[in-house]
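Thanks for making time this morning. I would like to walk you through one model, taking the helix packing and the pocket in turn.

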Amino acid sequence: MPAIRPSATVLWALGGILAILVVATVVTELLVRRHPERNYGELRLRVRSWWIMAGLFSLALTLSRLVSVVFLAFLSFLAFKEYLSLIPTRQADRRVLFYAYLA
């Protein structure tokens with residue numbers, strides 16, 4: 001599986017995401033130090049989860065084209081599944097939702 005070399009645009013985008021995550025981490029730590037009486041646990045967890053997501057996404061983009069496509073398909077499936085779990089459904093919708101999952 002040959003590695004693909006990301007274009008300059010992709011590298012700039014990944015660098016921008018990295019910069020935003022560094023700023024978010026620094027701001028979170030400053031908030032924790034400035035207001036120790038407040039609970040910033042959820043904010044810290046959100047920033048940490050974004051680091052993990054960005055790392056996995058960057059890894060998938062830089063490994064190979066096949067890994068990138070499979071990773072994007074998996075993420076799309078998870079997002080679609082989450083969307084379908086949030087919308088109200090009726091009993092009559094079950095067959096259509098089953099076919100949507102198969103698609």
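**Helix packing and the largest pocket**

Let me begin with helix 2 and helix 3, which pack at an angle of about 140°, their axes lying 6 Å apart. Please keep in mind throughout that this is a predicted model. On the helix 2 side of this contact we find Leu 56, Phe 57, Ala 60, Leu 61 and Leu 63, and these meet Val 67, Ser 68 and Phe 71 in helix 3. Sorted by class, the residues of this contact come out as 7 nonpolar and 1 polar, with no charged residue.

Moving towards the N terminus, helix 1, residues 8-34, packs with helix 2, residues 41-63, at an angle of about 165°, and here the axes are 10 Å apart. Because an angle over 145 degrees counts as roughly antiparallel, helix 1 and helix 2 are described as roughly antiparallel to each other, and their crossing is left-handed. The list of residues in this contact is a long read, so you will find it on the slide, but helix 1 brings in, among them, Ile 17, Leu 21, Thr 25 and Glu 29, while the helix 2 residues include Arg 44, Trp 50, Trp 51 and Phe 57. By class, the contact of helix 1 with helix 2 has 16 nonpolar, 3 polar and 2 charged residues.

Which helices, then, supply the lining of the largest pocket? Helix 1, helix 2 and helix 3, the last of these spanning 65-86, each supply at least two residues, and helix 2 gives the most, with 5 residues. The space in this pocket comes to about 240 Å³. Its lining consists of Ile 17, Leu 21, Trp 50, Met 53, Ala 54, Leu 56, Phe 57, Phe 71 and Leu 75, and by class that is 9 nonpolar, no polar and no charged residues. Phe 57 deserves a second look, since this residue of helix 2 takes part in the contact with helix 1, in the contact with helix 3, and in the lining of the largest pocket.

Finally, helix 3 and helix 4, the latter covering residues 94-102, pack at an angle of about 165° with their axes 11 Å apart. Helix 3 and helix 4 are therefore roughly antiparallel to each other, and their crossing, too, is left-handed. Phe 77, Phe 80, Lys 81 and Leu 84 make the contact from helix 3, and Leu 97, Ala 100 and Tyr 101 make it from helix 4; in terms of class, these residues divide into 6 nonpolar, no polar and 1 charged.

Technical notes
Residues are numbered from 1 along each chain as its sequence is written. This is a predicted model: local features need pLDDT of at least 70, side-chain atom pairs count only at pLDDT 80 or more; totals for chains, interfaces and linings use all residues. Side-chain values use heavy atoms; hydrogens and water are left out. Axes are lines fitted to C-alpha atoms, for helices over the stretch in contact, and angles run from 0 to 180 degrees between N-to-C directions. Helices (H or I, at least four residues) and strands (E, at least two) are DSSP runs, numbered from the N terminus. Angles under 35 degrees count as roughly parallel, over 145 as roughly antiparallel, 65 to 115 as roughly perpendicular and the rest as oblique. A crossing is left-handed if the near helix is turned anticlockwise from the far one by less than a right angle, and right-handed if clockwise. Contact means heavy atoms within 4.5 Å. Ala, Val, Leu, Ile, Met, Phe, Trp, Tyr, Cys and Pro count as nonpolar, Asp, Glu, Lys and Arg as charged, and the others, Gly among them, as polar. On a 1 Å grid over the protein atoms alone, a cavity is a set of points where a 1.4 Å probe fits but cannot get out, and a pocket is an open set with protein on both sides within 12 Å along at least five of seven lines; lining residues have an atom within 4 Å of a point. Grid points are joined across faces, edges and corners, and a volume is the space filled by probe spheres set on the points.
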